[in-house]
Amino acid sequence: MSNHQGLKSKNLITFPLDIPEVEVISVEINERGDYIVTVESTRNSAVCHSCGRQITKPNGCGREIELRHLPILGHRLYICLRPKRYECSHCNGKTSTQELDWYDPKSPHTKAYDHHLMLQLVNSTVEDVRRKEDVGYDAVEGAVDRCIHASVNWGEFTELKFIGIDEIAMTKGHGNFVAIITTQQTDGHVALLGVLVDRQKETVRQFFESIPSRLWQTMKKVCTDMWEGYANAVAEFDKAHPEVSIEVVVDRFHVAKNYREGVDHLRKQECRRLKKELSDVEYAEIQGVLWPIRKNGKDLTDEELKKLNRLFVYSPDLRLAYIFREELTSIFEMHLTKEEAKQRLLAWRDKISQSTITCFNKFLITLNNWLDKIVNYFAGRFSSGFVEGLNNKIKTTKRRCYGILRNTTLFQRLYLDIEGYRRFA
Ligand SMILES: [Zn+2]
């Protein structure tokens with residue numbers, strides 16, 4: 001270290017550069033305080049670009065390249081190298097440049113530094129990483145492109161037993177959705193398979209067709225919400241290929257969301273009515289029931305239960321709706337066969353139909369349309385709870401990246417947020 005030669009040896013440390021097949025020629029510190037480590041390759045061959053043979057006849061060096069490497073004690077570090085060149089006797093003396101494993105010829109970084117950037121980028125933004133690392137925006141995105149496939153790498157999968165389809169809204173309001181396809185692997189790990197530009201049947205079907213056929217027989221269940229596009233895409237794919245046998249399972253959490261909305265709607269209506277009809281003192285007694293009524297009965301505190309019962313005195317309809325909702329939830333908690341579940345759900349439906357309660361009307365239509373796929377849940381109790389868990393992560397990623405990404409890059413960024421620590425740490 002030329003600039004440090006005056007220092008006492010007590011102030012120096014020596015450690016390996018940890019890059020294979022190189023010899024350190026010099027270490028300098030420039031005016032910015034960056035370490036410039038010049039190295040020379042110790043490998044004495046290259047692969048001929050024309051014929052693929054190992055070639056060993058030297059032919060000078062290429063021009064010097066400078067690669068950003070991992071920081072050292074808070075300083076930036078660059079590796080300088082003149083790549084060796086060799087000529088091939090089989091190809092009229094054509095020369096080829098030696099390639100080494102620790103960097104990519106087109107990259108301004110070492111692979112280790114690319115991985116370092118990926119780790120910084122997990123749950124963060126390109127802008128943030130760019131500023132912390134003092135690199136260009138393009139340099140960070142370039143690293144993403146080098147480290148993460150633009151779409152799924154099917155080679156990583158040997159089975160796709162459980163697939164989940166969900167969506168996220170890209171803009172507030174309606175219409176602009178992307179579909180997110182995930183799989184839960186047998187070891188429990190949830191992997192991202194695709195980010196589709198929309199949730200149209202054709203888009204989803206084409207995605208399924210793009211899955212390598214060696215995986216088709218391993219695909220057993222696809223868990224979705226109640227969106228025709230998904231169910232029909234899977235049904236068409238299933239029908240088009242005799243070797244494919246996939247069951248569509250409507251996610252129980254989406255079913256629950258659907259029927260719970262009815263009760264929520266009735267609560268709002270009844271609270272508005274009671275606000276007008278009750279005295280201020282009486283109304284104060286039932287204020288703040290929003291969360292208690294959303295909870296399942298068994299999770300209520302005594303205080304909440306008291307408040308709820310007070311409300312139910314004023315609104316018998318809401319009481320009945322609450323009881324029906326809890327009954328329905330308890331059906332999904334039971335271990336039933338598909339046929340038993342179907343009978344229970346139909347009995348529940350008949351009870352609602354005969355009552356004065358109308359807040360489940362919308363749900364009853366849904367139940368009729370989707371009954372078979374809803375009861376498919378009971379065989380194996382497969383739900384996309386794993387997708388739900390992932391969904392919050394996906395929403396955060398989307399908020400962070402929204403407006404600055406193309407869809408392929410959204411795949412890369414989601415992939416990084418999901419797999420980043422596993423892969424790059
Ligand atoms: Zn050759």
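How many of the 425 residues of the chain count as buried? I looked this up before anything else, in what is a predicted model, and found that 45% of the residues count as buried.

**Entry 1. Overall form**

I began with the secondary structure and counted 14 helices and 14 strands in the chain. I then checked the radius of gyration, which is 31 Å, whereas the globule rule gives 22 Å for 425 residues; the computed value is well over that, so the chain is more spread out than a compact globule. Along the principal axes, I noted that the C-alpha trace spans about 90 × 60 × 35 Å. I also looked at contacts in the chain with a separation of 6 or more, and residues 24 or more positions apart account for 63% of these.

**Entry 2. Surface and charge**

I recorded an exposed area of about 22900 Å² for the chain, with carbon and sulfur atoms supplying 49% of it. For charge, I found 62 positive and 58 negative side chains. The centres of these two sets lie 1 Å apart.

**Entry 3. Nonpolar cores**

I next asked which residues have the most contacts inside the largest nonpolar core. They are Met118, Trp154, Leu160, Phe208, Ile211 and Met219, in a core of 56 residues. Helix α14, residues 407-424, gives the largest share of this core, with 7 residues. I also noted a second, separate core of 48 residues, whose members include Val263, Trp348, Cys359 and Leu371. As background, nonpolar side chains tend to be buried together in soluble globular proteins.

I then followed Leu160 in particular. Leaving aside residues up to four places away in sequence, Leu160 touches Trp154, Thr183, Gln185, Leu193, Ile211, Leu215, Thr218, Met219 and Lys220. Of these partners, Trp154, Ile211 and Met219 are also listed among the residues with the most contacts inside the largest core.

**Entry 4. Tyr78**

Is Tyr78 buried or exposed? I found a relative accessibility of 13%, and under 20% counts as buried, so Tyr78 is buried. Tyr78 lies in strand β7, residues 75-81. Beyond residues up to four places away in sequence, Tyr78 touches Arg32, Asp34, Tyr35, Ile36, Val37, Glu66, Leu67 and Arg68. I also looked up Pro108, which is 30 residues from Tyr78 along the chain; their C-alpha atoms are separated by 9.9 Å.

**Entry 5. Two positive phi angles**

Most residues other than glycine have a negative phi. I therefore noted Asn123, which is not a glycine yet has a positive phi of about 55 degrees. Where does Asn123 lie? I located Asn123 in the loop between α1 (111-121) and α2 (126-133). Its relative accessible area is 38%, and Asn123 is partly exposed.

I noted Asp134 as well, which has a positive phi of about 55 degrees although it is not a glycine. Asp134 is found in the loop between α2 and α3 (137-147). With a relative accessible area of 42%, Asp134 is partly exposed.

**Entry 6. Ser151**

My last entry concerns Ser151, which I found in the loop between α3 and β10 (162-169). The relative accessibility of Ser151 is 46%; partly exposed covers values between 20% and 50%, so Ser151 counts as partly exposed. I also looked up the separation of Ser151 from His265, 114 residues apart along the chain, and their C-alpha atoms are separated by 41 Å.

Key
Residues numbered from 1 in each chain as written. Predicted model: local features only at pLDDT ≥ 70, side-chain atom pairs only at ≥ 80, totals over all residues. Heavy atoms only, no water. Helix = DSSP H or I, 4+ residues; strand = E, 2+ residues; numbered from the N terminus. Rg over C-alpha atoms; globule rule 2.2 N^0.38 Å. Buried < 20%, exposed > 50% of the residue type's maximum accessible area, 1.4 Å probe, protein only. Contact = heavy atoms within 4.5 Å. Areas by Shrake-Rupley, 256 points an atom, 1.4 Å probe, with all protein chains shown as cover. Lys, Arg positive; Asp, Glu negative; His and termini not counted. Charge placed at Lys NZ, Arg CZ, Asp CG, Glu CD. Core = buried A, V, L, I, M, F, W, Y, C linked by side-chain atoms within 4.5 Å.
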